[in-house]
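Subject: Structure handover

Hello,

Here is the structure you are taking over. Please open it beside this email, since the notes below go through it part by part.

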Amino acid sequence: MDFIQKAQRSPFANDDILFEILHFPYIEFSVIDIGILSRHLSPFENKESLLELLNNKTILTKLKLQNTEYCSVFYTIIMELIENFNSLTAQVFIEKLLHDLQILKYIVNHPDKIHLLNVLNRFFDYIKKESTKNPNLSMSNVISDIEQMQNNNLSLSLYQAIGTKNGVQLSTLYKSKGLEYDYVYMINNTAANWKSVERSPVVLPEHIKRSDIANDEDIRRLFYVGMTRAKQSLSISYPKETIDAKNAEPSKYVSELKADEKVIFDFQKIDDELVANMLVAEMSSLKKDFTILNDEWLDSFLENYRLSPTAMDKYLRCPVAFYYENILRVPSARTSPFGFGRAIHESLHQFIQKHRTDAKADVERYKEYYIDSMKKYKSHFTTAEYEGYYNKGLENIPEFLLTYWDQWRHAENMQFEIKKKEAHYKEVPISGQLDRIDFLGNQITVIDYKTGNSSGAKSKVKAPDAKNPDGTDYWRQMIFYAILLDYYPEYRNKQFRGIFYFVLKDQNTFHQVEVISTDESKEKVGELIVDVYQNIKAKKFSPGCGDKDCLWCSYLNTGANLKLVDKTDEEEDL
């Protein structure tokens, strides 16, 4: 719905959203076809949009997709939805969307169709009630309401409209109030899942509720509600280890139960194979298998590939995300944090280059550079975002300049936006773009500005330890720069310093964190460079990180084995 609404202004834009849609399980595109489409659109000189490509039968035939015909079908459906977005009532439009995209058919044939139908019915019931209150309810109104609910952590209460008498009833503790069951299982009672959060001052309608809880007293009452739902038996469980192999602590309410002699505590070890099968089954029902291209194009791309610190970090976080964003270069939306970051970088560099020998920073002059840079990147922001970031910059950056001006202006020379693309480390081609290098005597200082949240700055720039054996991404980034510059004679024999400057205040303080490059640290990051590069060359893009917030792991079944599709075999099949 978000894509259809944005297409009212520009039908052939927002490729990033459309690529996400192609991964939805009811959309009949295979991951291999999505990869071929993305590969075709990835060159910078290619101005054709994804939606336009889906209607270009000449090019689609040359691309030899597995399901070329569906491209035309999907294009027609999307264009009809765009055309009818403003002309149909919200109820009729949503019904059309469910039928045209085969969403309803997908739900009816899904193993968990009872739950999905309940969700769908609840959503439709909400639309009907809103339409009764506002007969002129439009899809734009619906989308706006949904966005506000998401921004304020609100959800629709789900009631069991469809079901069977016998079976397991899955329920939240909120929904279980006033109900009783013979057997009750309260699961995943870890300390992390029972945390206090701030109370909302807003009184919410009965059919809408917050997804969070207020304070310790409320949480304790809620835990008690769960315990008192059982007629015959109550089982309360928590894992000793999370799915990403981190230690998990029980909730304090569970710990308090240990004082009761009537409570039986038992440790159950679950068979590893059972857990693995469960995870694969859970992921497979809603997500597509991850299939990568394995043809001459990919071989040619990897043959000339250079590893940068940003790419290395992306691969270490999630190989699947790396494949889509760095290999296929799937389109991504312009974001406000990126626009804000670029505006600050450019305005700082323009100002410092022209005024670095001044005894004092002329902050009023700097503001002119900043305002021009923000205007340049205005397309990255909504109206509200632009105003917020604009004011945030004016509140912070001039003072940031004054704080460090004396420290910077004594540099004998400065380089800005340094791009290095010729270096090698142990036969691994590496590259990088550095914000700034200051020269003073036999010392070089690599400076990197960070424009995000500056709280906990020191913890973001930590060397390897027992908890994080690879170090943080910022630490790896700076040591990577040290390795990169060692390749070039002009930097090689100089003393290296790396400093991260956090340009937004944290409790009225601007933070700077220095990274010391040692032979040991360079050896550690050097090993990561070699390992990551070898994995990329070997096309090891699976499994993904599995993080619930990872865009690509949300759409792909990385629990399945990675499939390599040979292009020659694919062409013979067609």
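Of the 574 residues in the protein chain, 42% are buried. The model is a predicted one. Its secondary structure comes to 24 helices and 13 strands. Among contacts between residues at least 6 apart in sequence, 71% join residues that are at least 24 apart.

**Helix H6**

Helix H6 covers residues 68–84. Does its length fit what its residue count predicts, and what numbers are compared? At 1.5 Å a residue, its 17 residues should span 24 Å, and the C-alpha atoms at its ends are 25 Å apart, so the two values agree. The buried residues of H6 are Tyr-70, Cys-71, Phe-74, Tyr-75, Ile-77, Ile-78, Leu-81, Ile-82 and Asn-84. An α-helix has 3.6 residues a turn, so residues three or four places apart point the same way. The partners against which the buried residues of H6 pack are five helices: H1 (2–6), H2 (15–22), H4 (50–53), H5 (57–63) and H7 (90–100).**The five-stranded sheet**

Five strands make up an open sheet of mixed pairing, in the order E7-E8-E9-E10-E11. Strand E7 (413–425) and strand E11 (512–515) are the edge strands, and each of them pairs on one side only. On average, neighbouring strands of this sheet are turned by 35° against each other, direction ignored.

Strand E9 (residues 443–450) and strand E10 (residues 495–502) run parallel and are joined by eight bridges. Gln-443 stands opposite Gln-495 in E10. E10 and E11, in contrast, run antiparallel, with four bridges between them. There, Gly-498 has Val-515 in E11 as its bridge partner.

How do the side chains point along E11? They alternate: Val-513 and Val-515 point to one face and are buried, whereas Gln-512 and Glu-514 point to the other and are not.

Between the strands, two loop residues have a positive phi. Lys-426 has a phi of about 50° although it is not a glycine, and its place is in the loop between E7 and E8. Lys-426 counts as exposed because its relative accessibility is 63%, and the cut-off for exposed is over 50%. Asn-508, also not a glycine, has a positive phi of about 65° and sits in the loop between E10 and E11. With a relative accessibility of 70%, Asn-508 counts as exposed too.

**Helices on the sheet**

Helix H20 (residues 473–486) lies across E7, E8, E9, E10 and E11, and runs at about 90° to E8. Helix H17 (residues 336–355) packs on the sheet as well, where it touches E7, strand E8 (428–440) and E9. The direction of H17 makes about 120° with that of E7.

One residue of H17 to look at is His-349. Is His-349 buried or exposed? It has a relative accessible area of 4% and is therefore buried, as buried means under 20%. Leaving out residues up to four places away in sequence, His-349 touches Phe-416, Glu-417, Asp-435, Arg-436 and Tyr-449.

**Helices H15 and H16**

Two packed helices are described by the angle between their axes and the distance between the axes. For helix H15 (residues 309–317) and helix H16 (residues 319–327), the axes come within 5 Å and cross at roughly 135°. That makes H15 oblique to H16, because 135° is neither over 145, which would count as roughly antiparallel, nor within 65 to 115, which would count as roughly perpendicular.

Which residues meet in this contact? From H15 they are Ala-311, Lys-314, Tyr-315 and Arg-317, and from H16 they are Pro-319, Ala-321, Phe-322, Glu-325 and Asn-326. By type, the residues of the contact of H15 with H16 divide into five nonpolar, one polar and three charged.

H16 also holds Tyr-324. Its relative accessibility is 0%, so Tyr-324 counts as buried. Tyr-324 and Phe-541 are 217 residues apart in sequence, but their C-alpha atoms are 9.5 Å apart in space.

**A cis peptide bond**

The peptide bond from Ser-542 to Pro-543 is cis, with omega near 0°. Pro-543 is found in the loop between helix H22 (519–537) and helix H23 (551–555).

That is the end of the notes.

Regards

Definitions and conventions: Residues numbered from 1 in each chain as written. Predicted model: local features only at pLDDT ≥ 70, side-chain atom pairs only at ≥ 80, totals over all residues. Heavy atoms only, no water. Expected span 1.5 Å × (residues − 1). Buried < 20%, exposed > 50% of the residue type's maximum accessible area, 1.4 Å probe, protein only. Contact = heavy atoms within 4.5 Å. Pairing = 2+ DSSP bridges. Axes fitted to C-alpha atoms, helices over the stretch in contact; angles between N-to-C directions. Parallel < 35°, antiparallel > 145°, perpendicular 65-115°, else oblique. Nonpolar A, V, L, I, M, F, W, Y, C, P; charged D, E, K, R; others polar.
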